[in-house]
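Morning, everyone. Please have a look at the chain on the screen, and then I'll walk you through its rings, its cores and its pockets.

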Amino acid sequence: METTRFLVGQFLLATPGIGDPRFERAVIALCSHDEEGAVGIGLGEVIPGLGLHALLDQLEIEPGDAPDAPVHLGGPMETRRGFVLHSRDWGGQDTMDVAGRWALSGTTDVLRAIAEGKGPTRWTIALGYAGWGAGQLEGELVRPGWLNVEGAADLIYATPAAERWSAGLAAAGVDPRLLVGGTGRA
């Protein structure tokens, strides 16, 4: 009997030649993956000129003592919708546990808690997400373009966005200098 392997709580790292410029050097934290599809939050790119304080200002939330952390481009879908990947020490009305590794929240209650100093101890904010329909991600994984690696939380919280792709590959034992953007033909 064959079992399906779902990748919830892992990272997808784009490999050279992925063929879609939106995902060049992408680092995606997979938060949901089952027979109906997959959803992930991109963590490899920050949105220039947008920080937490500006986002809170748009939502009319006083930033308090929260640091003005960068906001990430979570993916090409629904780029006006916000998500917070965070430590599991806080939960709100829509918080989802991601494989016991981190949590995902998508409502303003997590932003209010962060601004008030009562939120999760570790967090990263993104606008948008990456999504795949039923069987789509599995189809992409059998072709060159994505490498899945274990989901170490430090990649989310302790590694700067510009270094996440290289760090993720290094953690998997892959030297990015040895990757090529195409396949051979025999």
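First, a term. Rings of Phe, Tyr and Trp pair if their centres lie within 6.5 Å, and for Trp the six-membered ring is used. Planes over 60 degrees apart count as edge-to-face. Keep in mind that this is a predicted model.

With that in hand, which residues do ring pairs link into a cluster? They are Phe23, Trp132 and Trp146.

Now the pairs themselves. The whole structure was searched, and four aromatic pairs came out. Take Phe83 and Tyr129, with 5.9 Å from centre to centre and 80 degrees between the planes, an edge-to-face pair. Phe83 sits in strand 6, residues 77-86, and Tyr129 sits in strand 9, residues 123-133. The two are 46 residues apart, so this pair links distant parts of the chain. Are they buried or exposed? Phe83 is buried, and Tyr129 is buried too.

Next, back to the cluster. The ring centres of Trp132 and Trp146 are 6.3 Å apart. Their planes meet at 80 degrees, so this pair is edge-to-face. Trp132 belongs to strand 9 and Trp146 to strand 10, residues 146-149, so the pair ties together parts 14 residues apart in sequence. Why call Trp132 buried? Because its relative accessible area is 8%, and buried means under 20%. Trp146 comes in at 9%, so Trp146 is buried as well.

One polar residue deserves a stop. Where is Gln10 found? Gln10 is in the segment before strand 1, residues 11-14. Gln10 has a relative accessible area of 7%, so Gln10 is buried. What does Gln10 touch, leaving aside neighbours within four places in sequence? Its contacts include Ile28, Ala29 and Leu30, then Arg101 and Trp102. Arg5 is also in contact with Gln10, as are Asn148, Val149, Glu150 and Gly151.

On to the cores. In soluble globular proteins, nonpolar side chains tend to be buried together. Here, the largest nonpolar core has 20 residues. Which of them have the most contacts inside the core? Phe11, Ile41, Leu85 and Trp102. Several elements give two or more residues to this core, among them strand 1, strand 2 (27-34), strand 6 and strand 8 (102-105). Strand 9, helix 4 (153-157) and helix 5 (161-171) do so too. A second core is separate and has 18 residues, including Ile61, Ala69, Val71 and Leu127.

Last, the pockets. The largest pocket holds about 310 Å³ of space. It is lined by 17 residues, and those closest to its centre are Leu55, Leu59, Arg80, Gly82 and Leu127. Which element supplies the largest share of that lining? Strand 6 does, with six residues. Helix 1 (52-58), helix 2 (108-115) and strand 9 each supply at least two. By type, the lining has eight nonpolar, seven polar and two charged residues.

The second largest pocket holds about 240 Å³. Its lining has 19 residues, with Arg22, Ala26, Gly44, Glu45 and Leu73 nearest the centre. Helix 5 gives the most to this lining, three residues. Strand 2 supplies at least two. Here the split is eleven nonpolar, four polar and four charged.

To recap one thread. Strand 9 holds Tyr129 of one ring pair and Trp132 of another. Strand 9 also gives two or more residues to the largest core, and at least two to the lining of the largest pocket. Thanks, that's my slot.

Methods:
Residues are numbered from 1 along each chain as its sequence is written. This is a predicted model: local features need pLDDT of at least 70, side-chain atom pairs count only at pLDDT 80 or more; totals for chains, interfaces and linings use all residues. Side-chain values use heavy atoms; hydrogens and water are left out. Rings of Phe, Tyr and Trp (its six-membered ring) pair if their centres lie within 6.5 Å; planes under 30 degrees apart count as stacked, over 60 as edge-to-face and the rest as tilted. Helices (H or I, at least four residues) and strands (E, at least two) are DSSP runs, numbered from the N terminus. Buried means under 20% relative accessible area, exposed over 50%, partly exposed in between (1.4 Å probe, protein chains only). Contact means heavy atoms within 4.5 Å. A nonpolar core is a set of buried Ala, Val, Leu, Ile, Met, Phe, Trp, Tyr and Cys residues joined through side-chain atoms within 4.5 Å. On a 1 Å grid over the protein atoms alone, a cavity is a set of points where a 1.4 Å probe fits but cannot get out, and a pocket is an open set with protein on both sides within 12 Å along at least five of seven lines; lining residues have an atom within 4 Å of a point. Grid points are joined across faces, edges and corners, and a volume is the space filled by probe spheres set on the points. Ala, Val, Leu, Ile, Met, Phe, Trp, Tyr, Cys and Pro count as nonpolar, Asp, Glu, Lys and Arg as charged, and the others, Gly among them, as polar.
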